Amino acid sequence: MANKPKSKAKTIFMEGYLKWPKFLKSNMDTKFNEDGVYQTEFYPSSKDELSKLLDEAKSRNKEIRVGDPSDGEGYGLGKFVRLKRNNVNRIEEFSGPPTVVHLDEGSSHGESWDYNTDGLLGNGTKVKVKVVMYGEGHMAGVRLEKVGVIDHVPFGDPAEFAEAF
């Protein structure tokens, strides 16, 4: 029996780690899209977390690329999926950077992340992401909606810099 086509978008929550997060207008990727794309390498914390996305993709006849870190430094499961969000989308509410909020202890749960006072997100920051999978087959896609910071690793942490020497 063939899979029934998926017509509705599905929201998926996964826990894991960020690498190379580009969630600001000043650092979004414009290499292949002149309007810009907010993106990150997302390293799921376990096989179960990764399966949430891969299983939904399979039910939509979509293959999601799972990568190995190019520099050999991975987090969590050690494999990543690239999560993206377009800066400009024909549907306005799907445009702009993903929402970033606090999920860490000692902060108001769900409070907006302030890059000026809270700092930039560095490699290894533990998060919970909200993504939406939509469409079917080659028209299916994944859109990054929200990032909840569980354990912040500051970008440019002096301790991380010192370890390089």
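Is Lys 126 buried, exposed or partly exposed in this predicted model? Select Lys 126 to begin: with a relative accessible area of 23%, Lys 126 is partly exposed, since a residue counts as buried only under 20%.

**The whole chain**

Zoom out and colour by secondary structure, and the protein shows three helices and six strands, which run from the N terminus in the order β-β-α-β-β-α-β-β-α. The radius of gyration is 16 Å, close to the 15 Å that the globule rule gives for 165 residues, so the protein is as compact as a globular protein of that length. Along the principal axes, the C-alpha atoms fill a box of roughly 55 × 35 × 35 Å.

With the surface switched on, the accessible area comes to about 10200 Å², and 49% of that surface belongs to carbon and sulfur atoms. Of the 165 residues, 39% count as buried. Among the contacts with a sequence separation of 6 or more, 66% are between residues 24 or more positions apart.

**The nonpolar core**

Next, hide the surface and select Phe 23, Phe 42, Leu 53, Val 129, Val 131 and Val 147, which touch the most other members of the largest nonpolar core, a set of 23 residues. At least two residues of this core come from each of β1 (10-22), β2, α1 (47-59), β3 (81-86), β5 (126-134) and β6 (141-151). The largest share, four residues, is supplied by β5.

Centre the view on Val 147 and display its surroundings: leaving aside residues up to four places away in sequence, Val 147 touches Leu 18, Phe 23, Thr 99, Val 100, Val 101, Val 127, Lys 128 and Val 129.

**Helix α1**

Now select α1, whose 13 residues should span 18 Å at 1.5 Å a residue, and whose end C-alpha atoms are indeed 18 Å apart. Show the side chains of Glu 49, Leu 50, Leu 53, Glu 56, Ala 57 and Ser 59, which are the buried residues of this helix. An α-helix has 3.6 residues a turn, so residues three or four places apart point the same way. The cover over the buried residues of α1 includes β1, β2, β3, β5 and β6. After the helix, pick out Asn 61, which has a positive phi, near 55°.

**Pro 44, in strand β2**

Move to Pro 44, which lies in strand β2 (residues 37-44) and is buried, with a relative accessible area of 1%. What surrounds Pro 44 is a set of contacts with Glu 15, Gly 16, Glu 49, Leu 50, Tyr 75, Gly 76, Leu 77 and Lys 79, not counting residues up to four places away in sequence. For a distance to draw in the viewer, take Pro 44 and Lys 22, which are 22 residues apart in sequence and 18 Å apart in space, C-alpha to C-alpha.

**Salt bridges**

Side chains of opposite charge can pair when their charged atoms come close. How many salt bridges does the count come to? The count comes to nine salt bridges, and three of the pairs follow here.

Select Lys 10 and Glu 56 for the pair whose closest N and O atoms are 3.8 Å apart. This pair links distant parts of the chain, with Lys 10 in strand β1 and Glu 56 in helix α1, 46 residues apart. Lys 10 counts as partly exposed at 41% relative accessibility, whereas Glu 56 is buried, with a relative accessible area of 6%. Add Arg 60 to the selection, as Lys 10, Glu 56 and Arg 60 are linked in a network of salt bridges.

Then return to Lys 126 and select Glu 15 with it, since their side chains meet in a salt bridge at 3.5 Å, N to O. Glu 15 lies in strand β1 and Lys 126 in strand β5, so the pair ties together parts that are 111 residues apart in sequence. Like Lys 126, Glu 15 is partly exposed, with a relative accessible area of 26%.

For the last stop, select Lys 19 and Asp 71, whose side chains meet in a salt bridge at 2.5 Å, N to O. Because Lys 19 lies in strand β1 and Asp 71 in the loop between α1 and β3, the pair ties together parts that are 52 residues apart in sequence. Lys 19 counts as buried at 2% relative accessibility, while Asp 71 is partly exposed, with a relative accessible area of 42%.

Notes. Residues numbered from 1 in each chain as written. Predicted model: local features only at pLDDT ≥ 70, side-chain atom pairs only at ≥ 80, totals over all residues. Heavy atoms only, no water. Buried < 20%, exposed > 50% of the residue type's maximum accessible area, 1.4 Å probe, protein only. Contact = heavy atoms within 4.5 Å. Core = buried A, V, L, I, M, F, W, Y, C linked by side-chain atoms within 4.5 Å. Expected span 1.5 Å × (residues − 1). Salt bridge = Lys/Arg side-chain N within 4 Å of Asp/Glu carboxyl O. Rg over C-alpha atoms; globule rule 2.2 N^0.38 Å. Areas by Shrake-Rupley, 256 points an atom, 1.4 Å probe, with all protein chains shown as cover.
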